[in-house]
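Thank you all for coming; I would like to take you through one chain this morning, going from single residues out to the chain as a whole. Please keep the structure in view while I talk.

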Amino acid sequence: MARLDQVIPNIVDIFMQYADDGEGKKCQLNKVELQKMLEEQIQSPELKDQINAGDIEEAMQLLDKNHDGEVNFREFCRCICVLAKCYYQKKRGRGGKRGKGKDDKDDCDQED
C-alpha cells in the first residue's frame, strides 16, 4: 500500500477514535480528549516541542479557531498541517527560522 494511502486514513481514524462519543455522532474533541490524543499520539521530540499536551489550555487556544470549546475535524487537520510544516522545516535544517518569502512564513510559532 502506498504511504499516503496509509497516512490519510490513519489521520481520520485517530481523530474519530478520540472524538468518539460511543454512538458515532460526536465529531469533535473536548479538552480531555485532545490532551489524551496529544499525549498518546505525539511522541517525536520535534513535534512535542510544537504542541504541548501538558498545557491543554494553550493547545485549545491554538486549535479551537471557532471558539466553541472543542476541536472539530477541520481544526484538527490544521494542527496536523502545521506540525507537518514544522517537521519539514526541521528536516531541511531550517528549524523554524523565518524566511523572507510569503511561502516561507514560520507556521511553527504561529498559526493563521
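Let me begin with I51, which counts as buried because its relative accessible area is 8% and the cut-off for that class is under 20%. I should say at once that what you are looking at is a predicted model, and I will come back to how confident the predictor is. I51 does not sit in a helix or a strand itself, but in the loop between helix 3 (45-48) and helix 4. Setting aside residues up to four places away in sequence, I51 touches L38, A59, L63, C79 and L83. If you take C79 from that list, you will find that I51 and C79 are 28 residues apart in sequence, while their C-alpha atoms are 9.0 Å apart in space.

That brings me to the nonpolar core. Which residues touch the most other members of the largest nonpolar core? In this core of 18 residues, they are L29, L34, M37, L38, I51 and V71, and so the loop residue I have just described is among them. The elements that contribute two or more residues to this core are helix 1 (3-19), helix 2 (31-41), helix 4 (56-63) and helix 5 (73-91), and it is helix 4 that gives the most, with four residues. As general background, nonpolar side chains in soluble globular proteins tend to be buried together.

L29 deserves a moment of its own, since its contacts are spread along the sequence in a way that is easy to follow on the screen. Leaving aside neighbours within four places, L29 is in contact with F15, Y18, A19, L34, M37, E70, V71 and F76. One of these partners, A19, belongs to helix 1, and A19 counts as buried because its relative accessibility is 1%. A19 in turn touches K26, C27, Q28, L29 and E33, again without residues up to four places away in sequence. For those who like distances, the C-alpha atoms of A19 and L34, which are 15 residues apart along the chain, are separated by 8.4 Å.

Two residues make a useful contrast to these. Is H67 buried or exposed? H67 is exposed, because its relative accessible area is 66%, and its place is in the loop between helix 4 and strand 2 (71-72). The phi angle of H67 is near 55°, a positive value in a residue other than glycine. E46, which lies in helix 3, is partly exposed, with a relative accessible area of 34%. Beyond residues up to four places away in sequence, E46 touches Y87 and K90, and although E46 and K90 are 44 residues apart in sequence, their C-alpha atoms are 7.8 Å apart.

Now to the largest pocket, which holds about 520 Å³ of space. Its lining is made of 16 residues, and those nearest its centre are V7, I11, L47, I80 and A84. Helix 1, helix 2 and helix 5 each supply at least two residues of that lining, with the largest share, seven residues, coming from helix 1. By character, the lining divides into 13 nonpolar residues, two polar and one charged.

Stepping back to the whole chain, there are five helices and two strands, and reading along the sequence they follow the pattern α-β-α-α-α-β-α. Of the 112 residues, 28% count as buried. Among the contacts with a separation of 6 or more, 47% are accounted for by residues 24 or more positions apart.

Finally, the confidence. The chain averages a pLDDT of 80, and 80% of the residues score at least 70. Over residues 97-106, however, the pLDDT is below 50, and this stretch has nine contacts in the model beyond near neighbours in sequence. Where pLDDT is low, the predicted coordinates should not be read in detail. I would therefore leave the contacts of residues 97-106 out of any detailed reading.

Notes:
Residues numbered from 1 in each chain as written. Heavy atoms only, no water. pLDDT = per-residue confidence, 0-100. Contact = heavy atoms within 4.5 Å. Core = buried A, V, L, I, M, F, W, Y, C linked by side-chain atoms within 4.5 Å. Buried < 20%, exposed > 50% of the residue type's maximum accessible area, 1.4 Å probe, protein only. 1 Å grid on protein atoms, 1.4 Å probe; cavity = no way out; pocket = protein on both sides within 12 Å on 5 of 7 lines; lining within 4 Å. Points joined across faces, edges and corners; volume = space filled by probe spheres on them. Nonpolar A, V, L, I, M, F, W, Y, C, P; charged D, E, K, R; others polar.
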